[in-house]
Amino acid sequence: AKEGIKSTPRIDFKGEAIVYRDPYPEDGSLPIHCIGIDLERDSDVYRINGSIEKDKGRFLQLEDTGIIMGSKLAKNLGADVGFPLLIRTRTKDGMIQTIDTEVVGIFKTPNPPLNASALFMTIEMADAYLEMEGDVTSVSMLFSESLHPVDESERLLTSLKQNLGDT
C-alpha cells in the first residue's frame, strides 16, 4: 500500500435476523445489515474493534463462526451474548442461504443506525456463506492528512482502470 493510504476490504449484505422463543422473549425477525470484515486490516480504517460494551462479550477472532451485533439491535431482538441467531440472506448468485450462528459480542458506536441494524462477522465467514469466491463488495480507504483525498482517489481510479480495464 502506498504510504499514507490504509485500506480494508469488506463484504456488505442485507439479511433477516430470525429468532425463536427460548432463549429470546418471543419469536420474530428484523431486517439487518451484515458486514464481513478483515480482522487484520479493518482496524486500520475503522474503530469497531474497540466498541464492545462492558460485560457484553468479546470482539471477533480469527476463524470465528460467531457475530457481534449493535446494542439497539440486541435490545430490539432481546439478544444477549451466547444466544443463537439465524440469518436469512442470499448468496452472490441469488440463492437463499441460512447462516446459523451465535452472538459473541454486543457493540455500541457513536453511529445510531449501525447500533440499530448492523452485525459483523469475519470476512472469511461472509465469503463462505455468500459463495463470494474471494470477491468483496467494497474497499474502504483512509488517507493520511498529508494526502489530498480527491487527488489520490483520482490517481487510484486511473491506476485501477489501467490494471483492470475500464469496466
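A salt bridge, as the term is used on this tour, is a side-chain nitrogen of Lys or Arg within 4 Å of a carboxyl oxygen of Asp or Glu. The model on your screen is a predicted one, and by the rule just given the count comes to 7 salt bridges.

Begin by selecting R58 and D64, which form one of these salt bridges, with the closest N and O atoms 2.7 Å apart. R58 is partly exposed, having a relative accessible area of 31%, whereas D64 counts as buried at 10% relative accessibility.

Next, select R10 and D42, a salt bridge in which the closest N and O atoms are 2.9 Å apart. Because R10 lies in strand β1 (residues 5-19) and D42 in helix α1 (residues 42-45), the pair ties together parts that are 32 residues apart in sequence. Both R10 and D42 are buried. Keep R10 selected and add Y46, since the side chain has a second partner here: R10 lies over the face of Y46, at 3.6 Å from the ring centre. Now move to K92 and D135, whose salt bridge has its closest N and O atoms 2.7 Å apart. K92 lies in the loop between β5 (84-90) and β6 (96-107), and D135 in the loop between α4 (123-130) and β8, so the pair ties together parts that are 43 residues apart in sequence. K92 is partly exposed, with a relative accessible area of 38%, and D135 likewise counts as partly exposed, at 37%. Add E133 to the selection, and you will have K92, E133 and D135, which are linked in a network of salt bridges.

Turn then to the aromatic rings, where a search of the whole structure finds 2 aromatic pairs. Select Y24 and F83, which form an edge-to-face pair, 5.1 Å centre to centre and with 85° between the planes. This pair links distant parts of the chain, with Y24 in the loop between β1 and β2 (28-37) and F83 in the loop between α2 (71-77) and β5, 59 residues apart. Both Y24 and F83 are buried.

Select F107 and F120 next, an aromatic pair that is also edge-to-face, at 5.3 Å centre to centre and 70° between the planes. F107 is in strand β6 and F120 in strand β7 (residues 118-122), 13 residues apart, and the pair links distant parts of the chain. Both F107 and F120 are buried.

Finish at the surface by selecting V136, V139 and M141, which make a nonpolar patch of about 230 Å². Within this patch, V139 is found in strand β8 (residues 138-143), and at 48% relative accessibility V139 counts as partly exposed.

Terms used
Residues are numbered from 1 along each chain as its sequence is written. This is a predicted model: local features need pLDDT of at least 70, side-chain atom pairs count only at pLDDT 80 or more; totals for chains, interfaces and linings use all residues. Side-chain values use heavy atoms; hydrogens and water are left out. Patches are made of residues with over 30% relative accessible area and no salt bridge: like charges are joined within 9 Å, nonpolar side chains (Val, Leu, Ile, Met, Phe, Trp, Tyr) within 5 Å. Accessible areas come from the Shrake-Rupley method with a 1.4 Å probe; for residues, only the protein chains shown count as cover. Helices (H or I, at least four residues) and strands (E, at least two) are DSSP runs, numbered from the N terminus. Buried means under 20% relative accessible area, exposed over 50%, partly exposed in between (1.4 Å probe, protein chains only). Rings of Phe, Tyr and Trp (its six-membered ring) pair if their centres lie within 6.5 Å; planes under 30 degrees apart count as stacked, over 60 as edge-to-face and the rest as tilted. A charge sits over a ring if NZ of Lys or CZ of Arg is within 6 Å of the ring centre and within 35 degrees of the ring normal.
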